[in-house]
Amino acid sequence: MLSFIAQRVVKGVIVLLAIIVLNFFLIRLAPGDPAVVMAGEAGASDQIFVAQLREKFGLDRPLPEQLLIYVKGIASLDLGFSFRQQAPVAKLIAERLPATLLLTLTAFAISLGLGILFGVLAARFAGTFLDTAITVLALIFYATPLFWIALIAILLFSVWADWLPSFGYETVGAGYTGLRHALDVGAHLVMPAATLGLFFMATYTRMTRASMLEVKRLDFVKTALAKGLRDGIILRRHVLRNALLPVVTLAGVHAGTLVGGAVLTETVFAWPGIGRLMYDALIQRDYNLLLGVFVVSSAMVLIFNLVTDLVYRLVDPRIEYAS
Amino acid sequence: MRQFWRTMLRSPSGIIGLIILVLAIVIAVAGPFYFPNSPWRMVQRPFVPPFTLAKVPLGTDALGRDVLAGLIFGARVSLLVGLVSTLVALVVGVPLGAIAGYFGGRVDDALMRFTEFFQTIPSFALAIVLVAILQPSIYSIVAAIGLVSWPPVARLVRGEVLSLRTREYVQAAVVTGQSNAWIIWREILPNALSPVIVLASLMVATAILLESSLSFLGLGDPNLISWGYMVGAGRTVIRQAWWITVFPGVAILLSVLGLNLIGEGLNDALNPRLSREGR
């Protein structure tokens with residue numbers, strides 16, 4: 001088990017390094033000489049200052065050396081400086097990361113829990129009205145643009161019904177503490193998490209249903225039936241356990257989509273996470289910040305993949321740890 | 001072929017999907033002839049509610065532009081970007097997957113690590129970064145979407161080729177001294193086509209969603225109106241004018257739904273064994 005984890009961590013680090021290198025070249029693709037851009041943004045664009053900046057950031061050295069400086073910087077958690085926000089990129093991201101983690105993990109939990117539940121229900125009552133209703137709804141949510149359903153939710157629950165707050169992380173200036181504060185954040189979290197999770201819920205519902213129906217026809221289920229086990233036990237112990245494997249795989253694959261979706265959700269709900277930060281960076285063409293968020297979200301996905309890999313091996317003891 | 005259409009038309013999802021897609025194509029191709037004016041032009045006062053003026057049945061937006069005209073011109077962008085970026089993904093993914101599956105060994109290892117790498121990067125975030133850096137235009141959008149969506153194609157084709165290359169007719173071609181390229185192109189790929197077609201139809205749907213998300217964030221081609229841009233533009237005035245946001249979203253939903261349904265129908269028609277097992 002330990003050697004498996006070590007192996008996966010090493011692999012993750014290699015992928016992360018590759019992403020950092022990709023990032024480095026993407027910065028060079030951005031329009032304009034970085035030093036000139038920086039000088040302009042720092043508010044003083046004369047030749048000497050530009051030359052100073054070049055030297056400071058090593059832009060006058062050959063490309064491989066620049067790459068080395070860049071990788072070293074990231075290794076010491078230095079993601080560069082955002083001139084628009086007048087703060088180090090790493091600090092900006094660190095401030096915003098908890099909100100994004102709260103949002104994505106809640107959305108993930110909701111979507112996986114409800115998705116499996118609805119999938120099981122649809123498979124259990126296959127061919128009935130309930131099955132049709134769940135299948136059709138899942139099909140529709142599977143095709144719904146994330147940013148649009150978020151806006152519709154605001155329209156329904158904030159503008160027309162006035163049940164839930166439509167933006168932000170907490171009620172500004174309310175000064176709640178303790179439980180009141182937690183409830184306040186919770187109320188702000190409901191719509192972003194629900195709308196972000198909806199697409200994934202639809203995916204897991206479809207996957208669980210299809211997978212359950214497939215496993216149901218296998219021989220060992222027939223054997224269990226022949227042994228006279230009760231339906232509920234067969235469904236839970238024999239069918240569901242095996243049917244969940246592809247769903248867990250899919251959940252791992254979706255980590256990246258979830259983080260990408262957070263950009264849209266956080267933008268619509270003004271949720272103060274790194275997705276919103278990416279949008280701000282985009283609007284202001286703050287390339288340092290934009291690429292910093294990109295590296296951090298890639299790292300998040302890598303960690304998430306590692307965790308789902310571990311879970312997968314826990315759920316399915318047939319898989320050997322040292323692959 | 002006739003068998004194919006019969007199965008396709010027997011599945012209700014396939015029929016509904018086809019109807020939606022054909023409708024969308026007709027609107028995209030013919031619509032602009034009925035709306036000779038640019039969708040960017042102000043035609044009425046701003047914020048005309050829908051279903052009140054016959055001239056602008058779906059109302060106008062914050063700048064007095066016709067929402068219906070925007071929907072119709074937007075259909076062109078969505079369908080075009082969806083199709084072309086999927087083609088780009090196929091052009092990258094099919095050869096990579098075929099080479100990896102056919103030659104195996106180190107080549108396979110290297111190519112699959114490369115594919116996995118691209119699959120790990122959060123695709124939407126990468127698409128945002130690419131379009132932002134290359135500057136938003138229809139070309140950069142198509143390139144970015146194509147570039148982030150080829151890995152599943154490569155993996156699928158690799159798997160198919162891997163199982164097909166051990167077949168006897170392929171061995172026969174090898175024995176008769178055909179070149180590798182000829183064998184891959186003429187003997188193997190035609191037989192690996194069905195699952196790729198199914199995947200491609202689903203990819204067009206995903207590409208449309210990606211394009212609309214990009215233009216919602218302000219990364220659309222500034223010269224072409226698109227559904228995502230319309231939703232984004234309506235967002236700030238959603239409290240006063242719901243229709244500016246709602247209608248383009250419905251258009252996106254319907255086209256993506258249609259393509260997904262076609263994907264399911266194609267799956268039933270092309271891989272009958274698979275689909276019967278699946279549900």
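This report describes a predicted model with chains A and B, from whole chains down to single residues.

## The two chains

Chain A has 323 residues, and 36% of them count as buried. Its secondary structure comes to 13 helices and two strands. The C-alpha trace of chain A spans about 85 × 55 × 35 Å along its principal axes. Take the contacts in chain A between residues at least 6 apart in sequence: 70% of these join residues at least 24 apart.

Chain B has 279 residues, with 48% counted as buried. It holds 13 helices and zero strands. Reading from the N terminus, every element is therefore an α: the order is α-α-α-α-α-α-α-α-α-α-α-α-α. Along the principal axes, the C-alpha trace of chain B covers about 75 × 45 × 35 Å. Among its contacts with a separation of 6 or more, 69% come from residues 24 or more positions apart.

## What the record says about chain B

An unreviewed UniProt entry lists several stretches of chain B as "transmembrane region". They are residues 12-35, 77-103, 124-149, 197-220 and 240-263. In the model, residues 12-35 of chain B are 96% helix and 0% strand. The end C-alpha atoms of that span lie 33 Å apart. Residues 240-263 of chain B are 92% helix and 0% strand, with end C-alpha atoms 38 Å apart.

The unreviewed UniProt entry also places "domain: ABC transmembrane type-1" at residues 75-263 of chain B. In the model, this span is 82% helix and 0% strand. Its end C-alpha atoms lie 20 Å apart.

## Where the chains meet

How many residues does each chain bring to the contact? Chain A gives 42 residues and chain B gives 33 residues. On the chain A side, α1 (2-29), α6 (129-142), α7, α8, α11, α12 (274-283) and α13 (287-315) each supply at least two residues. The largest share of that side comes from α13(A), with eight residues. By class, the side of chain A that touches chain B has 33 nonpolar, eight polar and one charged residues.

## The nonpolar core

The largest nonpolar core has 161 residues. Those with the most contacts inside it are A:Met278, A:Leu290, A:Val293, B:Ala127 and B:Ile128. Helix α3 (residues 67-103) of chain B gives the most to this core, namely 17 residues.

What does A:Leu290 touch, leaving aside residues up to four places away in sequence? In chain A, its partners are A:Met278, A:Ala281 and A:Leu282. In chain B, they are B:Val129 and B:Ala132.

## Two helices of chain A

Helix α7 of chain A covers residues 146-160. At 1.5 Å a residue, its 15 residues should span 21 Å. The end C-alpha atoms are 20 Å apart, which agrees. The helix α7(A) bends by about 25° at A:Ile154. A:Ile154 is also one of the buried residues of α7(A). The others are A:Leu146, A:Phe147, A:Trp148, A:Ile149, A:Ala150, A:Leu151 and A:Ala153. Which helices do the buried residues of α7(A) pack against? In chain A, they pack against α8 (178-216) and α11 (255-269). In chain B, they pack against α10 (193-216), α11 (227-235) and α12 (242-270). Just after α7(A), A:Asp162 takes a positive phi of about 55°.

Helix α11(A) also has 15 residues, and these should span 21 Å at 1.5 Å a residue. Its end C-alpha atoms are 21 Å apart, which agrees. Is α11(A) mostly covered or mostly uncovered? It is mostly covered: 14 of its 15 residues are buried. A:Ala270 follows α11(A) and has a positive phi, near 50°.

## A glycine inside chain B

B:Gly82 sits in helix α3 of chain B. Is B:Gly82 buried or exposed? B:Gly82 has 25 other C-beta atoms within 10 Å. The cut-off for buried is 20 or more, so B:Gly82 is buried.

Not counting residues up to four places away in sequence, B:Gly82 touches B:Val204, B:Ala207, B:Ile208 and B:Glu211. B:Leu18 is 64 residues away from B:Gly82 along the chain, and their C-alpha atoms are separated by 16 Å.

Terms used. Residues numbered from 1 in each chain as written. Chains lettered and ligands numbered in written order. Predicted model: local features only at pLDDT ≥ 70, side-chain atom pairs only at ≥ 80, totals over all residues. Core = buried A, V, L, I, M, F, W, Y, C linked by C-beta atoms within 7 Å. Buried ≥ 20, exposed ≤ 12 C-beta atoms within 10 Å, placed from the backbone. Helix = DSSP H or I, 4+ residues; strand = E, 2+ residues; numbered from the N terminus. Contact = placed C-beta atoms within 7 Å. UniProt positions renumbered as here; feature names shortened; annotations may be inferred. Expected span 1.5 Å × (residues − 1). Bend = angle between axes of the 7 residues up to and from the residue. Nonpolar A, V, L, I, M, F, W, Y, C, P; charged D, E, K, R; others polar.
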